[in-house]
Amino acid sequence: MSVKDLVDRYCRVDKLPHIWCPGCGNGIIMGAVIRALDKTDFDQDKTVIVSGIGCSSRAPGYMNFDTLHTTHGRALAYATGVKFARPDLNVVVLTGDGDCSAIGGNHLIHAARRNIDLTVVVFNNSIYGMTGGQFSPLTPAHSYASTAPYGSIDRNFDLCKLVQAAGGTYVARSTAYHARQLVNLIATGLNHKGFAFIEVVTQCPMYYGRRNKFPSPVDMLKWQQEHAVPVKAAAKLSPEQMAGKFLIGELHREEAPEYTAVYETDVIAKARGDIN
Amino acid sequence: MNSEPARIELNEKWCKGCGICIAFCPAKVLVAREDGKPLVENPEACTRCGLCELRCPDLAISVGGKQHGGKN
Ligand SMILES: Cc1ncc(C[n+]2csc(CCOP(=O)(O)OP(=O)(O)O)c2C)c(N)n1
Ligand code: SF4
Ligand code: SF4
Ligand code: SF4
């Protein structure tokens, strides 16, 4: 599909151009989500996009679906409610690293634990963009933030490992640079029956980039290109060779009972008296 | 492959001149204008790989197809 056709079909054209800064990765990821949705068979009118608060969480405002722009950290709680009430809907969550791993961290582990059928795309730009560059739980240790003028001493989460350990059944990571791979990973996540989690390492040139000596968005994409290692290639590398690098690709996939399906068979059917 | 040079269209209103499409075009089709926006210098070298479209944060460049704000 041409870019114009994609935009006409899946974007609220009257809301464009978007307000994100030049070179911000949010637009690349939003484009990938749209392309991934286009690859699947889900009905556009039965797809709901939910977000929290942050620059990244503004994405649904530009997308021509039923959308919910909720409160900071609570996107997964709202999305759980939507999916629980209407399991027939395809529910997608777009969230920032702060939104999802700091204030929303508890919602994240419990949504993963339940294996509820949501597709979560985390825009990990390593920072709180909207509020001016405070560090988040995903800010790499020793990098700079408005709240870490000497470098952050906090160790950052590996959010993919966290979600897998909590019970998420599809876990993948990509970057804004690897946009083609990203589209495919999101499409696979959308088709996965269960909790699908895709972390996207992306760039905030305005607050993370400036403070961490990236002269331009292009330099931030080059960093992604140089530090991301595909799962297969990583298998041949030593821990020393992997130091400072991160994995991209499908990291985990398993089949497990899905929450709303179990609710139907183990609660609703019993309450109706179909079985006891 | 199509022997006609690719028609690459830019949406002038949406493009923010970030330079991403220019820097990562594998065929060096695009060069930067003074305002940082892309100028199609070598359309005949374009392989229609689509990477500029995928990586443009502003949905502002298209290869072969129509574009918002484009001439067609
Ligand atoms: C309950 C509450 N606490 C704090 C805020 C202020 N706030 C708005 S956005 C944000 C963080 C945004 O960071 P992130 O989720 O990483 O998204 P980004 O802007 O980087 O895309 C914060 C702390 C808020 N809006 N609501
Ligand atoms: S502040 Fe950062 S995350 Fe927010 S729009 Fe600008 S570049 Fe993007
Ligand atoms: S389609 Fe590929 S080769 Fe053609 S201009 Fe875009 S990035 Fe360059
Ligand atoms: S990537 Fe998009 S916004 Fe950036 S310079 Fe190219 S066309 Fe313009």
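Which residues surround ligand 4? In this predicted model, ligand 4 is enclosed by residues of chain B, namely B:Leu10, B:Cys15, B:Lys16, B:Gly17, B:Cys18, B:Gly19, B:Cys21, B:Pro38, B:Cys56, B:Pro57, B:Asp58 and B:Ile61. By residue class, this shell comprises 8 nonpolar, 2 polar and 2 charged residues. The space that ligand 4 takes up is the second largest cavity.

The largest cavity is the space taken by ligand 3. Around ligand 3 stand B:Ile8, B:Cys25, B:Pro26, B:Ala27, B:Val29, B:Cys46, B:Thr47, B:Arg48, B:Cys49, B:Gly50, B:Cys52 and B:Val63. The shell of ligand 3 is made up of 9 nonpolar, 2 polar and 1 charged residues. Cysteines appear in both surroundings: B:Cys15, B:Cys18, B:Cys21 and B:Cys56 are found around ligand 4, and B:Cys25, B:Cys46, B:Cys49 and B:Cys52 around ligand 3.

Chain A contains an open sheet of 8 strands, arranged in the order 2-1-3-4-6-5-8-7 and with mixed pairing. At the edges of this sheet lie strand 2 (66-69) and strand 7 (228-230) of chain A, each of which pairs on one side only. From one strand to the next, the twist averages 20°. In general, the strands of a sheet pair through backbone hydrogen bonds, in either a parallel or an antiparallel manner.

Beginning at the edge formed by strand 2 of chain A, the neighbouring strand 1 (residues 47-51) of chain A runs parallel to strand 2 and is joined to it by 4 bridges. Within this pair, A:Ser51 has A:His69 of strand 2 as its bridge partner.

Towards the other edge, formed by strand 7 of chain A, both senses of pairing occur. Strand 7 and strand 8 of chain A are paired in the parallel sense over 3 bridges, with A:Val229 standing opposite A:Leu247 of strand 8. On the other hand, strand 8 (residues 246-253) and strand 5 (residues 170-175) of chain A pair over 4 bridges in the antiparallel sense. There, A:Arg253 in strand 8 is the bridge partner of A:Tyr170.

A helix also packs across the sheet. Helix 2 (residues 26-39) of chain A lies across strand 1, strand 3 (90-96), strand 4 (119-124) and strand 6 (196-201) of chain A. With respect to strand 4 of chain A, helix 2 runs at about 160°.

Key
Residues numbered from 1 in each chain as written. Chains lettered and ligands numbered in written order. Predicted model: local features only at pLDDT ≥ 70, side-chain atom pairs only at ≥ 80, totals over all residues. Heavy atoms only, no water. Pairing = 2+ DSSP bridges. Helix = DSSP H or I, 4+ residues; strand = E, 2+ residues; numbered from the N terminus. Axes fitted to C-alpha atoms, helices over the stretch in contact; angles between N-to-C directions. Contact = heavy atoms within 4.5 Å. Near = heavy atom within 4 Å. 1 Å grid on protein atoms, 1.4 Å probe; cavity = no way out; pocket = protein on both sides within 12 Å on 5 of 7 lines; lining within 4 Å. Sits in = over half its atoms within 2 Å of the grid points. Nonpolar A, V, L, I, M, F, W, Y, C, P; charged D, E, K, R; others polar.
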